[in-house]
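Here's a quick briefing to read with the model open beside you. Take a look at the fold first, then work through the notes below.

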Amino acid sequence: MAATLRNFEPYIRYCRFLVMPRGAEEFTDTDDGVVIEYGEIRCRVMGHGGVLCGHKVGTRGALVTHVIKQHGLEVAHSDNEGRPSNIYLREVKEWYTNMMMEHDRQVAAETRAA
Ligand SMILES: [Zn+2]
């Protein structure tokens, strides 16, 4: 769990979930490789059958290793690992917030349909 995000509620939920949040989408692919966000610990490589890998590790670094070794992909270099800037952190928090909100939205929609 990334220290800078450890009091951030959507991130705490993301880390505690037993499965991949439903709002999670496939890694963004760039010329430099896939983008792994700050603090990410779950693999978002799209597997067969349109299901995300979902493999969970302890740190972003371990996730980078997993993506390279298990999926044979390149990972885009991040300048924000050591001391993330406030602007970058704000974007990351928004990203986690949106993912968890989408999860809650989908679960609520299913509950209504049931
Ligand atoms: Zn994976």
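Turn α1 so that its buried side faces away from you, and the exposed residues you'll see are Glu9 and Arg16. Keep in mind that this is a predicted model. On the buried side of α1 sit Pro10, Tyr11 and Tyr14. Looking down the axis of α1, those buried residues stay within an arc of 100°, so they line one face of the helix. That fits a general point: an α-helix has 3.6 residues a turn, so residues three or four places apart point the same way.

**How α1 packs on α3**

- The cover over the buried residues of α1 includes α3.
- Two packed helices are described by the angle between their axes and the distance between the axes.
- For α1 (residues 9–16) and α3 (residues 86–113), the angle is about 60° and the axes are 8 Å apart.
- α1 and α3 are therefore oblique to each other, an angle of 65 to 115 degrees being what would count as roughly perpendicular.
- As for handedness, α1 and α3 make a left-handed crossing.
- On the α1 side, the residues in the contact are Pro10, Tyr11, Arg13 and Tyr14, and they meet Tyr96, Thr97, Met99 and Met100 of α3.
- By type, the residues of this α1–α3 contact come out as six nonpolar, one polar and one charged.

**Either side of α1**

- Phe8 belongs to the segment before α1.
- Phe8 has 17 C-beta neighbours inside 10 Å, so it counts as partly exposed; buried would take 20 or more.
- Phe8 and Tyr96 are 88 residues apart in sequence, yet their C-alpha atoms are 9.4 Å apart in space.
- Leu18 is in the loop that runs between α1 and β1 (28–30).
- Is Leu18 buried or exposed? It's exposed, because just 6 other C-beta atoms lie within 10 Å, and 12 or fewer is the cut-off for that label.
- From Leu18 to Tyr96 the C-alpha separation is 16 Å, with their positions 78 residues apart along the chain.

**The loop between β2 and α2**

- Glu40 has its place in the loop between β2 (33–35) and α2 (60–71).
- Why does Glu40 count as buried? Because 24 other C-beta atoms lie within 10 Å of Glu40, and buried takes 20 or more.
- Setting aside residues up to four places away in sequence, Glu40 touches Arg60 and Leu63.
- Glu40 and Phe8 are 32 residues apart in sequence, and their C-alpha atoms are 13 Å apart in space.
- Lys56 is also found in the loop between β2 and α2.
- Lys56 counts as partly exposed, because it has 16 C-beta neighbours inside 10 Å.
- Which residues does Lys56 contact, leaving aside neighbours within four places in sequence? They're Ile41 and Arg42.
- Lys56 and Thr4 are 52 residues apart along the chain, and their C-alpha atoms are separated by 19 Å.

Terms used:
Residues are numbered from 1 along each chain as its sequence is written. This is a predicted model: local features need pLDDT of at least 70, side-chain atom pairs count only at pLDDT 80 or more; totals for chains, interfaces and linings use all residues. Axes are lines fitted to C-alpha atoms, for helices over the stretch in contact, and angles run from 0 to 180 degrees between N-to-C directions. Helices (H or I, at least four residues) and strands (E, at least two) are DSSP runs, numbered from the N terminus. Angles under 35 degrees count as roughly parallel, over 145 as roughly antiparallel, 65 to 115 as roughly perpendicular and the rest as oblique. A crossing is left-handed if the near helix is turned anticlockwise from the far one by less than a right angle, and right-handed if clockwise. Two residues are in contact if their C-beta atoms, placed from the backbone, lie within 7 Å. Ala, Val, Leu, Ile, Met, Phe, Trp, Tyr, Cys and Pro count as nonpolar, Asp, Glu, Lys and Arg as charged, and the others, Gly among them, as polar. The arc is that of the directions from the helix axis to the C-beta atoms.
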